Amino acid sequence: MNPSKAEKKTRVIIALHSVSMTRGGKKVLQDISWTTRQGEHWFIMGNNGSGKTTMMEVIMGYLWPQRGSVSVLGNRFGEVYLQELRRRIGYVSPWIFKHLGDHVPDIMILDEPFSLLDIGSRISMHRYIEKLCRKEKGPQLLLVTHHLNDIISPFSHGLLMKEGRIFYQGRRDEVLQGQRLTEAFDLPDDIL
């Protein structure tokens, strides 16, 4: 898939190239290549153990892959002071929303942020995310989720993971096709 002229001009935010990682003798990431660009907001889905959280930990610089290269916000890992870069990356879990103010990072990783919220709080957080996405200089959002109803309209792109690999990545409407989801999650053909 060749990028359009507009995509070529848009600043790259995250670039993973052939990233592989083994933990405890198990391949948890296998040949991951993924690029995000300014203005895109991504959702990441996959079964438990598919590598979603490990990939986020690599992006934050908490884990180092055995193979491949990682670049975040124009900084190639191995050539940047990671502690300084981490200040520009926010990691959000369910309990932290109440602590967010207007001091927002360049990248915000939302790892199952709605899992402990009641319906009212969930709706409030969806609205908060929509507001963040409309900000002219807002962060790039990466939503790790298991729930289709959490993939609200600002999420323009998606990535499906399966067994430590990228199963499919692309624009939201391409990723959320029934057959792709069925195969990614090993569901019966008649479920979606």
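Is R88 buried, exposed or partly exposed? Select R88 to begin: this residue is partly exposed, with a relative accessible area of 33%. The model on display is predicted, and the tour proceeds from this residue to the sheet and then to the helices.

**Stop 1: R88 and its partner**

Keep R88 selected and add D106. Their side chains meet in a salt bridge, at 2.6 Å from N to O. D106 lies in the loop between β6 and β7, and R88 in the loop between α3 (82–86) and β6, so the pair ties together parts that are 18 residues apart in sequence. D106, at 34% relative accessibility, is likewise classed as partly exposed.

**Stop 2: the sheet**

Next, display the strands as a cartoon. An open sheet of six strands appears, ordered β6-β7-β8-β3-β9-β10, with mixed pairing. Its edges are β6 (89–92) and β10 (165–171), each of which pairs on one side only. On average, and with direction ignored, neighbouring strands of this sheet are turned by 15° against each other. Strands of a sheet pair through backbone hydrogen bonds, either parallel or antiparallel.

Select residues 42–46 and 157–162 for an example of the parallel case. These are β3 and β9, which pair in the parallel sense over five bridges. Within this pairing, F43 has G158 of β9 as its bridge partner.

**Stop 3: helix α2 across the sheet**

Select residues 52–59, which form helix α2. This helix lies across β3, β6, β7 (107–111), β8 (140–144) and β9, and runs at about 140° to β3.

**Stop 4: I109**

Now select I109, which is found in strand β7. With a relative accessibility of 0%, I109 counts as buried. Which residues is I109 in contact with, leaving aside its neighbours within four places in sequence? They are M56, I59, M60, I89, G90, Y91, V92 and L142. For a distance check, pick the C-alpha atoms of I109 and W42: they are 9.7 Å apart in space, although the two residues are 67 residues apart in sequence.

**Stop 5: helix α4**

Select residues 119–134, helix α4. At 1.5 Å a residue, the 16 residues of α4 should span 22 Å, and the end C-alpha atoms are 23 Å apart, which agrees.

Colour R122, M125, H126, Y128, I129, L132 and C133, which are buried. These residues cover an arc of only 160° around the axis, which puts them on the same side of α4. An α-helix has 3.6 residues a turn, so residues three or four places apart point the same way. The buried residues of α4 pack against β7 and β8. Apply a second colour to R127, K131 and R134: they are exposed, on the other side of α4.

**Stop 6: two further salt bridges**

From α4, return to R122 and add D150. They form a salt bridge in which the closest N and O atoms are 2.9 Å apart. The pair links distant parts of the chain, with R122 in helix α4 and D150 in the loop between β8 and β9, 28 residues apart. R122 is buried at a relative accessible area of 14%, and D150 is buried at 2%.

Finally, select E79 and R76, whose side chains meet in a salt bridge at 3.9 Å, N to O. E79 is exposed, with a relative accessible area of 64%, whereas R76 is partly exposed at 43%. How many salt bridges does the model contain? The count comes to six.

How values were computed:
Residues numbered from 1 in each chain as written. Predicted model: local features only at pLDDT ≥ 70, side-chain atom pairs only at ≥ 80, totals over all residues. Heavy atoms only, no water. Pairing = 2+ DSSP bridges. Helix = DSSP H or I, 4+ residues; strand = E, 2+ residues; numbered from the N terminus. Axes fitted to C-alpha atoms, helices over the stretch in contact; angles between N-to-C directions. Contact = heavy atoms within 4.5 Å. Salt bridge = Lys/Arg side-chain N within 4 Å of Asp/Glu carboxyl O. Buried < 20%, exposed > 50% of the residue type's maximum accessible area, 1.4 Å probe, protein only. Expected span 1.5 Å × (residues − 1). Arc of directions from axis to C-beta.
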